[in-house]
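These are reading notes for a colleague opening the entry for the first time. Please keep the structure in view while going through the points.

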Amino acid sequence: MPLHRSYHLHLPFLRVDRNKELRALYLLRVLRDLVNQSTFFFLPIFLYKFGITSFGSSPFSDFQAGLLLIAAYFLLVRLVMLATGIGFGSYTAKAGIQRAFIFSYLLRALMFACFYFSTDSLIFLLTAAVLDGLQASLFWSNYYTILSQHASKHNIGKDLGFLQTLLQVIAAIAPALGGALAGYFGFDALFLFALAVTVFSLFNVFNLKIDALRDKVSFAEFLRWLKQSRYDRLALSYAGRYVNDATLFLWPLYVFFILGAVEKVGYLYTASLLLALTFSFLIGVYIDTHKSKKPFFASGSILSVLWLLRSQAVAVWSIALIDTLDKLAANFHWLFFETLVIRRSQGSQVFSYFVYRELIRSFTAVLFWLLVGALIWFSSGWQALFIIAALGVLFSLFVSDGVKKSTGVSRV
């Protein structure tokens, strides 16, 4: 990777690991996030409108019908991931990560094709949900395994900070692009764009040279890990992270209710990201050189408070201010979180570590979306959801790198 230096801001000498596999992996992730931030960012709005159109004559109100479909979609996605996690993990251990990636992207392309045809068909939408669960189950544990294997232990913060900077460049552009496509040409054009980028991304998979896995996964081993008290705390931090991310995924829908236009949601989100963008790489340097967790706890506390303030955001400027403050605090908090997760994963069972993490996240997701469905059923407001997200951020503070200070030994 190139060297980075700033002579104007007098920044320290920044280095990212020179690694061909990391470069290919970064490109794979950047292209994936281009699709996620331009298309999946607006998926709650698409599902909400679909629910109103398809179930408008049901006993539910439009609000309930739209949100129940969102909860049902993601519940189905995570049930598929929960059911296939161990099986796909065993398949990947035998066939290799590269082949798993290829199948993941083929399924992802089929998913967007189903989205394209789903505007008038619930069957295509349900098929898309199943494909979504299958492609995600084949991707994320493998992605993090490669990242952990090739990231230097002493430069994980810089590596992740550099990647986060790249992803935020995409995140600063893609929502406005996706909002414009959906607002002016409809969701059909947005899904075709996502399909094209996904097919293009598939070619980059062949640039990854991945070592054969020497690890196996099983439910029996997963249960043994869960019996360890220190792993229980780690599992709780994974659950908290998912609850925060899932609620944040619904945030554009809340903003949509206030602004009333898809393209305005994208423009506002882009504006809030621009201010926070430049901090990501510097935060990675800080994490590698400072081991104190006090800023981590402080940023987590800020994020929890911001979730409580979201229910009071009813104007454009208050939404923009909360989003900007959230990005500034989240840049540090979640980068620190991911750095600790990657550090703890490094070892002979790195693949098992990430397969089991996805199982925990999927189990959490099933409970979360069932809870969301219950809140909608009983007509509870957004406030309860934001309180749950605030608790999720606090749970993420349980994460650690797994190193015992007295011995220096790291274990799951």
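Which residues of the largest nonpolar core touch the most other members? That is taken up in point 2, after a short overview.

1. Overall make-up. The model is predicted. Its chain holds 15 helices and 0 strands. Of the 412 residues, 58% count as buried. The chain exposes about 17600 Å², and carbon and sulfur atoms supply 68% of that area. Among contacts between residues at least 6 apart in sequence, 85% join residues at least 24 apart.

2. The core. The largest nonpolar core has 125 residues, and the two that touch the most other members are Phe115 and Trp369. Helix 14, residues 350-377, supplies the largest share of this core, with 14 residues. For Phe115, leaving out residues up to four places away in sequence, the residues touched are Leu43, Phe46, Tyr73, Leu125, Ala128 and Phe191. As a general remark, nonpolar side chains in soluble globular proteins tend to be buried together.

3. Tyr48. This residue belongs to helix 2, which covers residues 43-54. Tyr48 has a relative accessible area of 9%, so it falls under the 20% limit and is buried. Beyond its neighbours within four places in sequence, Tyr48 is in contact with Asp62, Phe63, Gly66, Leu67, Ile70, Leu253 and Phe257. Between Tyr48 and Leu68 there are 8.4 Å, C-alpha to C-alpha, while the two are 20 residues apart in sequence.

4. Ser201. Helix 7 runs over residues 187-205 and includes Ser201. Is Ser201 buried or exposed? Ser201 counts as buried, because its relative accessibility is 2% and the limit is under 20%. Not counting residues up to four places away in sequence, Ser201 touches Leu28, Leu31 and Tyr105.

5. Helix 13. Two residues of this helix deserve a look. Phe332 sits in helix 13, residues 316-345, and is buried at a relative accessible area of 11%. Phe332 lies 8.1 Å from Pro295, C-alpha to C-alpha, with their positions 37 residues apart in sequence counted as the separation. Thr339 is also placed in helix 13. With a relative accessible area of 0%, Thr339 is buried. Which backbone oxygen lies 2.7 Å from a polar atom of the Thr339 side chain? The oxygen belongs to Leu335.

6. The nonpolar surface patch. Leu236, Leu308, Ile387, Leu391, Leu394 and Phe395 make a nonpolar patch of about 490 Å² on the surface. Which helix gives the most to this patch? Helix 15, residues 382-395, does, with 4 residues. Phe395 is found in that helix. Phe395 has a relative accessible area of 34%, so it counts as partly exposed, a class that lies between the 20% limit for buried and the 50% limit for exposed.

7. Points to compare on screen. Two phenylalanines can be set side by side: Phe332 is buried at 11%, whereas Phe395 is partly exposed at 34%. For the interior, Phe115 and Trp369 are the places to begin, as the core members that touch the most others. For the surface, the patch that includes Leu236 and Leu308 can be viewed together with helix 15, which gives the most residues to it.

How values were computed. Residues are numbered from 1 along each chain as its sequence is written. This is a predicted model: local features need pLDDT of at least 70, side-chain atom pairs count only at pLDDT 80 or more; totals for chains, interfaces and linings use all residues. Side-chain values use heavy atoms; hydrogens and water are left out. Patches are made of residues with over 30% relative accessible area and no salt bridge: like charges are joined within 9 Å, nonpolar side chains (Val, Leu, Ile, Met, Phe, Trp, Tyr) within 5 Å. Accessible areas come from the Shrake-Rupley method with a 1.4 Å probe; for residues, only the protein chains shown count as cover. A salt bridge is a side-chain nitrogen of Lys or Arg within 4 Å of a carboxyl oxygen of Asp or Glu. Helices (H or I, at least four residues) and strands (E, at least two) are DSSP runs, numbered from the N terminus. Buried means under 20% relative accessible area, exposed over 50%, partly exposed in between (1.4 Å probe, protein chains only). A nonpolar core is a set of buried Ala, Val, Leu, Ile, Met, Phe, Trp, Tyr and Cys residues joined through side-chain atoms within 4.5 Å. Contact means heavy atoms within 4.5 Å. A polar contact is a pair of N or O atoms within 3.5 Å; within protein, one must be able to donate a hydrogen and the other to accept it, and residues adjacent in sequence count only if both atoms are side-chain atoms.
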